[in-house]
Amino acid sequence: MTNVPSKVSIIVPVYNVENYLAKCLDSLVNQTLREIEIIVVNDGSKDGSGEIIRNYTQKFPEKIKAFTKENGGLSDARNYGIDKATGQYIGFVDSDDFVMPEMFEEMFLLAEKHQTKMVVCNIQKVDETGKVTQKLTQIPNMPEIINLENNFSVFSDLSYFACNKLFKKELFDQKRFKKGVHFEDIQLIPQLLLECKTIAQTQNFYYQYLERTDSISKTHTEKGLDMLKAVADVEKAFGKSGYASKKKELKKFQIFEGIYSFLAYLAFVKEDETFYEMADQLAVFREERQIKIQDILKYSRFGKNYLLSLPLKKKIFYLLFFAGQKKLIRKLI
């Protein structure tokens, strides 16, 4: 049998997901795009994930390439997969999520049609019964192909998930996910966008993000500070990019990822000392960048005031925070 070169390499990091992995792999082996390779990286799983991977590799040897390594975290597993990838394009799918059958075919065709290095699709959050709980439209009111020089608002508006995007492999020639940190997507994906002149999009909700019942009560810790460090790394890349003069969009990125997203995380930090330390670090972040309270309160995304669109409890939380009422915040949450 002749080996057909892969158009797309799909990287699936796996760590202790025996209850979800089969559904994920089923959605990949049934992609309408035939010329794919599915790179499954077992990142030191201690449950039955390894056996599931072996079964699928035996059943689909022409599609699945399986690797096992010591546990090194999500970034390390993704980077391992990038090193093994032979496709023209790279996609990432988390092993507890799944995707629609046409996802990679349409995104590949869009990339080729428009000769662009990045393609984006929409996301649906689903529960464990498969019910859709939330639709996340990524770039509304924009055309299929977007020229970034003329529409650089995309930089500050886009959600920086790795898993709902297709990347030209060359974007990873000099870049990798940062190891040993949280929020690795926020750290890397904006940097990859800065390497693009255009991006393409489909409005189809191809990526199905599973809200797991066993992860809702995840502990929020000082690791949230990695979000601020991620923004700082992006700022460095921004200053060296062809878009360095677009300061307005950089500030909006800082407000969305460094302040609003950080506050959304901070709201679930239960340990008082950690909460106050992180709140103080956020104040330093804001002061260093000379971001005023008015800038934050007036911030808009896709033409809407972000604060006014928040649920009431979050709105009160944010307003109290900006007013410096940390003790009242602790009572609220």
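Student: Which residue takes a positive phi in the hairpin of strand 7 and strand 8?

Tutor: Happy to look at that one; keep in mind that this is a predicted model. Strand 7 (residues 123–126) and strand 8 (residues 132–136) run antiparallel and are joined by 4 bridges, with Lys-125 standing opposite Gln-134. The hairpin has 5 residues between the strands, and the one with a positive phi, near 95°, is Gly-130.

Student: Which strands stand at the edges of the open sheet, each with a single partner strand?

Tutor: Let's walk along the sheet: 8 strands follow the order 3-2-1-4-10-6-11-9, with mixed pairing. From one strand to the next, the twist averages 25°. A single partner leaves one side without a neighbour in the sheet, so the edge strands are strand 3 (64–69) and strand 9 (145–147).

Student: Which residue in strand 10 does Val-119 stand opposite?

Tutor: Strand 6 (residues 118–120) pairs with strand 10 (residues 165–168) in the antiparallel sense, over 3 bridges. Helix 4 (residues 103–114) lies across both of these strands, among others, at about 45° to strand 10. Opposite Val-119 in strand 10 stands Leu-166.

Student: Is helix 8 roughly parallel or antiparallel to helix 9?

Tutor: Good one to finish on! Helix 8 (residues 247–266) packs against helix 9 (residues 272–288) at about 170°, with the axes 11 Å apart. Angles over 145 degrees count as roughly antiparallel, so helix 8 is to helix 9 roughly antiparallel.

Student: How many nonpolar residues does the contact of helix 8 with helix 9 have?

Tutor: Phe-262 and Leu-263 are among the helix 8 residues there, and helix 9 brings residues including Phe-275 and Arg-286. By class, the contact has 1 charged residue, 2 polar ones, and a nonpolar count of 10.

Definitions and conventions: Residues numbered from 1 in each chain as written. Predicted model: local features only at pLDDT ≥ 70, side-chain atom pairs only at ≥ 80, totals over all residues. Heavy atoms only, no water. Axes fitted to C-alpha atoms, helices over the stretch in contact; angles between N-to-C directions. Helix = DSSP H or I, 4+ residues; strand = E, 2+ residues; numbered from the N terminus. Parallel < 35°, antiparallel > 145°, perpendicular 65-115°, else oblique. Contact = heavy atoms within 4.5 Å. Nonpolar A, V, L, I, M, F, W, Y, C, P; charged D, E, K, R; others polar. Pairing = 2+ DSSP bridges.
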